[in-house]
Amino acid sequence: MDKSWISKLQNTNDFKISLSRMLDFSVKNSVVGFIKTGDVLCPDLISDLPECIIESILIKLPIRDALRTSILSSKWKHKWSSITHLVFDEKSVPICYDQQALQESVVKFISRVLFLHQGPVHKFEITHFFLQSCPEIDQWILFLSRKDIQDLTLELGNDEYFRMPSCLFTCQKLTRLNLSCCELDLPHSFKGFPCLNSLSFNRVFTPPEAIERLISSCPRLEKFSLIWCDSLALTIRAPQLKYLFLKGEFKDLCLVDTPLLVELSVSMYMTHDLAEHVKLSSNCNFVKFLGSVPNLERFDSFMDFTKYLSIGNHDLRHLAIMFNNLERIQMAPVNFLDMKERRTVLRLITSSPNLKKLGISGSSDIAASTSTEDLDFWKNECPSDSVLSKLKFVDLEDMSGVLHEIEFIKFLLGCSPVLETMIIIPSILDKECQLKMLIELMKFPRASSKAGINFIRSNYPIILSPSSID
Amino acid sequence: MASSSSNLISLKTSDGTVFKVERALAKTMKTVQAIIEEADANIYMIPIHNVFSHHMDMIIDYYKLSVAGKSKEFSVEKLDNDELKDFLLAVHYLNMEDLFEVLTQAVADRLEKKSVGYVRKYFGIENDFTPEEYAAIRKKNDWAFKGDDIEPEEDEEKQEE
């Protein structure tokens, strides 16, 4: 083996194959690894290193640094140009405060890099929020669609949404797609992304049927995130889906065929009209949404979602739904004055025997009420034999001290034998009321001898450990 | 005598030291795993060339930290550039994915924003451009060299030598 042979091989595909075979050979025959032997290779070890090591290092450098390696030596002239990950973020272009100049500079830079690039591009990412929509992006997508792209992230500025060209849908090797501030529609001929594992749309303008069709035509989809893509009535059919994150204004939400779902987070904003319209519907949203997700491990319900979920919940006592893997629940806000919302929260908690952490925020726009209305609810609908045998941590915020909230706390304290910490943050500022609330809470029996209540009044937490009870 | 049902695998480094490691750790070394799987009989001792005992010490440290969920605490800061390169080659030979990623990231971090001269020295790369070639490439890719945050080229005048 001599130097010239190695340099000849270097820039060809044969290099990789020969090298891996040589390594196999050396492993099988316990030959001393040739990489280290000084008399076989020149002292400059790195330039003749397996391309995978160089590639691994180059893709971890900001793109400008990778580019500058072209000037190291003649062997390095083109090494950068075959890196398979191209990431353009704030570090990629010198900082410039003139928006126009920055835009031009970024566009030119990216176009040049792509033009000089050779070989496949597996990952392409633009997370440069100053980059506004422009015609060049069309060309970049076309270029990438011919380069076996697998991981594509396009997070653009929001002056004008970029209209995605249809060539995106020919990228059959896509495993991850992350778009922000774009507009798209599925071509009729689109049959799906067979390898797509993760999909994220943030402010993407697209007809709802397109989203549903997209999801159901990606058989391997495991993660789906939809943020601020508004006014959608969405039905999700995704047999492999494990992680679902939804945020925005939705007209209607329905989970059909998501049996493997493990994490679910919904922040739903309901306009007033929508709320009225939906109230008239007779569907039980709790069943519609949570009826077939038995493997759920984590559930977050924010903004109006608890309200949405409680629509149509006339009587949940006969439901056979159990969430045996559900360990973490967060619901914020919950209006404890609304019977259906109380029922929803109670039903969810009592169907989760392995719950470990619970976080609930009260509704901040109800004034403290001393009304005893409807307190029978707790006698009638609160299962007395309920045990949350794994619940260790409870965080209750924005507690306005309404009796229903107090009853809820009483219920929690009474059914959690391993509870360690309960944090209570009241929303009422009146110290008298706070004290009254505190005194009430102190009276409640606790199933857990270890339970400590942290009652946080502004900056002075009052920590009530079991030993401070009289 | 180590049998295949034992939980410890013996690895012999280039400097002759024998390390007895858990099977789970040996599994993270794909090269070693391949040897074990291909062997018909029980393997007594596996020689790992290109790997020295100080490399194995660090590998074991990393393994212990990652099992405890503290892999982020693993640091190669105390290694100088040559030692880091050597370690990287050893880990590459053993084909250990996670540690390889950690080390290539460490190398990348040391190179980020450095001047071309520094990178040449670090890797031991000889500049074989003629001054004209150098100037031509530099000019062509000038757009990549702009920026206050990058170290200036100290050795550009030296190109004339």
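At what angle do helix H13 and helix H14 of chain A pack, and how far apart are their axes? In this predicted model, H13(A) spans residues 403-415 and H14(A) spans residues 431-443. The angle is about 30 degrees, and the axes lie 10 Å apart. Angles under 35 degrees count as roughly parallel, so H13(A) is roughly parallel to H14(A). The crossing of H13(A) past H14(A) is right-handed. Which residues make this contact? H13(A) supplies Ile406(A), Ile409(A) and Leu413(A). H14(A) answers with Met437(A), Glu440(A) and Leu441(A). By class, five residues of this contact are nonpolar, none is polar and one is charged.

Next comes a pair of helices from two chains. Helix H3 of chain A covers residues 51-58, and helix H4 of chain B covers residues 81-94. They pack at an angle of about 120 degrees, with 11 Å between their axes. That angle makes H3(A) oblique to H4(B). H3(A) crosses H4(B) in a right-handed sense. On the chain A side, the contact uses Cys52(A), Ile53(A) and Ile57(A). On the chain B side, Leu88(B), Leu89(B) and His92(B) meet them. Five of these residues are nonpolar, one is polar and none is charged.

Now stay in chain B. Helix H5, residues 97-111, packs with H6(B) at an angle of about 140 degrees. Their axes are 10 Å apart. Angles over 145 degrees would count as roughly antiparallel, and H5(B) and H6(B) are therefore oblique to each other. Val107(B), Arg110(B) and Leu111(B) form the H5(B) side of the contact. Tyr118(B), Val119(B), Tyr122(B) and Phe123(B) form the H6(B) side. The classes here are six nonpolar, no polar and one charged.

Leu111(B) and Val119(B) also lead to an enclosed space, since both help line the second largest cavity. How many cavities of 30 Å³ or more does a search of the whole structure find? The count is five. The second largest holds about 70 Å³ of space. Chain A lines it with Leu61(A), Asp65(A), Arg68(A) and Thr69(A). Chain B adds Leu111(B), Lys114(B), Ser115(B), Val116(B) and Val119(B). Two elements give two or more residues to this lining: helix H4 (63-68) of chain A and helix H6 (116-123) of chain B. The lining divides into four nonpolar, two polar and three charged residues.

Two backbone details in chain A complete the tour. Most residues other than glycine have a negative phi, and most peptide bonds are trans. Which residues does a cis peptide bond join? They are Ala332(A) and Pro333(A), with omega at about -5 degrees. Pro333(A) sits in strand E12, residues 328-334 of chain A. The other detail is at Asp148(A), which is not a glycine yet has a positive phi of about 60 degrees. Where does Asp148(A) lie? Its place is the loop between helix H6 (135-145) and strand E3 (151-155) of chain A.

How values were computed: Residues numbered from 1 in each chain as written. Chains lettered and ligands numbered in written order. Predicted model: local features only at pLDDT ≥ 70, side-chain atom pairs only at ≥ 80, totals over all residues. Heavy atoms only, no water. 1 Å grid on protein atoms, 1.4 Å probe; cavity = no way out; pocket = protein on both sides within 12 Å on 5 of 7 lines; lining within 4 Å. Points joined across faces, edges and corners; volume = space filled by probe spheres on them. Helix = DSSP H or I, 4+ residues; strand = E, 2+ residues; numbered from the N terminus. Nonpolar A, V, L, I, M, F, W, Y, C, P; charged D, E, K, R; others polar. Axes fitted to C-alpha atoms, helices over the stretch in contact; angles between N-to-C directions. Parallel < 35°, antiparallel > 145°, perpendicular 65-115°, else oblique. Left-handed = near helix turned anticlockwise from the far one by under 90°. Contact = heavy atoms within 4.5 Å.
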